[in-house]
Amino acid sequence: MEEESKRSSQMLKGILEGCILIIIGREPVYGYEMNEKLQRYGFSTVSEGTIYPLLLKLQTKKLIMGELMPSPGGPMRKYFKLTEAGVSERDAFIEQWTRLHTSVSQLVKGDEQP
């Protein structure tokens with residue numbers, strides 16, 4: 001089980017930034033909410049300790065920007081939204097992922113391309 005977790009973690013590292021960009025592209029989110037959304041999509045092995053450094057990295061790369069906003073009935077929260085560069089990066093990720101997903105699916109099924 002530990003070996004399976006390591007494999008899953010390594011595969012996830014390569015796609016998590018793109019997944020975060022997709023989620024933020026749908027609506028502004030704050031860090032803890034990002035974790036909840038990833039959990040709902042089945043990313044159960046992703047911890048908050050993984051998400052916050054990635055958000056900082058994406059912000060440093062100017063793919064997302066944070067804005068302090070009041071939360072319903074609570075303290076101010078930093079909500080993240082995509083920049084123009086983030087939209088482009090998200091779109092490129094989706095295109096690359098779609099090609100990769102198709103290729104791996106064909107390989108698993110044994111469907112060679114003509």
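**Nonpolar core.** I looked up the largest nonpolar core of this predicted model and found that it holds 21 residues, of which Ile20, Ile24, Met34, Leu38 and Ile64 touch the most other members. I then asked which elements supply at least two residues each; these are α2 (16-26), α3 (31-40), α4 (48-60) and β3 (76-82). The largest share comes from α2, with six residues. As background, I note that nonpolar side chains tend to be buried together in soluble globular proteins.

**Ile64.** I next listed the contacts of Ile64, leaving out residues up to four places away in sequence. Ile64 touches Leu21, Ile24, Leu55 and Leu58, and also Gln59, Phe80, Lys81, Leu82 and Thr83. Ile64 belongs to β2, which spans residues 64-70.

**Sheet.** I traced the strand order and recorded an open sheet of three strands, β1-β3-β2, with antiparallel pairing. At the edges I found β1 (29-30) and β2, each of which pairs on one side only. Between β2 and β3 I noted seven bridges. For Leu68, I identified Lys78 in β3 as the bridge partner.

**Arg90.** Is Arg90 buried or exposed? I located this residue in helix α5, which covers residues 84-109. Its relative accessibility is 18%, so I entered Arg90 as buried, the cut-off being under 20%. I also recorded its contacts, again excluding residues up to four places away in sequence: Arg90 touches Leu21, Ile22, Gly25 and Leu82. Of these, Leu21 and Leu82 also appear in the contact list of Ile64.

Terms used
Residues are numbered from 1 along each chain as its sequence is written. This is a predicted model: local features need pLDDT of at least 70, side-chain atom pairs count only at pLDDT 80 or more; totals for chains, interfaces and linings use all residues. Side-chain values use heavy atoms; hydrogens and water are left out. A nonpolar core is a set of buried Ala, Val, Leu, Ile, Met, Phe, Trp, Tyr and Cys residues joined through side-chain atoms within 4.5 Å. Buried means under 20% relative accessible area, exposed over 50%, partly exposed in between (1.4 Å probe, protein chains only). Helices (H or I, at least four residues) and strands (E, at least two) are DSSP runs, numbered from the N terminus. Contact means heavy atoms within 4.5 Å. Two strands pair if DSSP finds at least two bridges between them.
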